[in-house]
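User: Please take a close look at one part of this protein and then place that part within its surroundings. I am new to this, so explain each term when you first use it.

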Amino acid sequence: MATQQPVVSPSRRIAPDHTLEPLQKLKLDVLISEARKPIESLVYARTTDKVSLILNLLRIHDIMSLPIFDPNKGKFIAIINVVHIARFYMLRKAYALPISTNESIDGKYELGDRIKDDLNDVYDFPITEVINSIEPNALASFKMYHKSAPLIPCLQAMGTKENVYSILVSVAKEREKMEGEIRQALILTQWDAINFLLNHEKLKQNNAFDLSASKAMQRNWISFTGKDDPNQPSHRLPETSANLTFALSITQEMSAFAGFKIMAIHRLSSIAVVDNDSKLVDNLSASDIRFLTIDNVVDGLLPVREFLQKIRSHPKEVAACTEDTRLEEVMRSAVSIGVHRIWVKEKDTDKPIGVVSMSDMLDMLVGHMKLQEFGDED
């Protein structure tokens, strides 16, 4: 059975802090100039491209998000990321069955063949199939930001699921023509935003940086075990808790596919992996689905830790901290390691108790801010 921890306060944002006031006067071009030196060519896809090409681009360039350009409309219409791909895969009928690591070898290969056949079909789909599967509000909220836009709303936009944790921006001279200017477009990610905030001299005295990791945790914790079937409705969030956010863990004997399926159902980008003593031992991310191909799809039926060891070229230590770790240190760790989240664990037991994602970091720093919140100075 899934176990649930007590509800966490829905809002832990810091109160307005005057040390953040310098951000009020900045434009997006300041972040662009610091994040992209020189400006790189944009990696993007067209609405006519197949899912197989999208996955290859994500894998080859080691990126999580990809802007989609519509030649008929002459503009960008969406940003697709690995969470969309994983959700599109795992909610298909081929995966609507128990995904266990305990089946016989013959049973696994039979199941693998069924999934492989379905994956072959998916690879030939145009990316518009994935775009159409995204919730309407995600597509409706997509927008391109011009370099002259105020910085704060852009930082806030990076922290939302609708914007898939990144934004598409334009450095074109004319704002009116920016949506069709492919050569003048680039993506800014949460890594860019967090790194900018850490290195901005005027923010060195910000009180939020001294907060503990426990203050930044904004999720309730749910744990799944090998006895759980990720396809069962009981694994869906209760309707009364639909507005709450959850962090999940699975035990190491569960299959990688089971982990991906749980992420798809709960619309998450990552889950923690724990051993039989509930200690944090690994992390399964939606980005890991990039490494599943037609040739190795049966590997998804392996126990999750074995799957992760197989797709990695070298051992990887899970990024974690303790409850009392300063938020600034958590942020610097995420940037230096190149991860979207830092798991929080008990100091004495190594058991995970929460997670601080880059969305949480941005929310803590700028989530409450509105333009001119501090007022104009004479």
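Analyst:
**A serine side chain and its surroundings**

The side chain of Ser 255 has a polar atom that lies 3.0 Å from the backbone nitrogen of Ala 258. A polar contact is a pair of N or O atoms within 3.5 Å; within protein, one must be able to donate a hydrogen and the other to accept it, and residues adjacent in sequence count only if both atoms are side-chain atoms. The model is predicted, and local features need pLDDT of at least 70, side-chain atom pairs count only at pLDDT 80 or more, and totals for chains, interfaces and linings use all residues. Residues are numbered from 1 along each chain as its sequence is written, and side-chain values use heavy atoms, with hydrogens and water left out.

Ser 255 belongs to the loop that runs between strand E9 (246-251) and helix H10 (256-266), where helices (H or I, at least four residues) and strands (E, at least two) are DSSP runs, numbered from the N terminus. With a relative accessible area of 1%, Ser 255 is buried; the term buried means under 20% relative accessible area, exposed means over 50%, and partly exposed lies in between (1.4 Å probe, protein chains only). In the protein chain, 52% of the 378 residues count as buried, and its secondary structure comes to 13 helices and 14 strands.

Another element to set beside this loop is helix H3 (residues 82-90), which is largely enclosed by the rest of the structure because eight of its nine residues are buried. Among those buried residues are His 84, Ile 85, Phe 88 and Tyr 89. At the start of H3, the backbone nitrogen of Val 83 has a side-chain oxygen of Asn 81 within 3.1 Å.

Two members of H3 lead on to the interior, where a nonpolar core is a set of buried Ala, Val, Leu, Ile, Met, Phe, Trp, Tyr and Cys residues joined through side-chain atoms within 4.5 Å. The largest nonpolar core has 54 residues, of which Ile 85, Tyr 89, Ile 127, Phe 260 and Leu 284 touch the most other members. A second, separate core holds 44 residues, including Tyr 145, Ala 157, Val 169 and Met 217.

To return to the starting point, Ser 255 is thus a buried residue in the loop before helix H10, and its side chain has a polar atom 3.0 Å from the backbone nitrogen of Ala 258.
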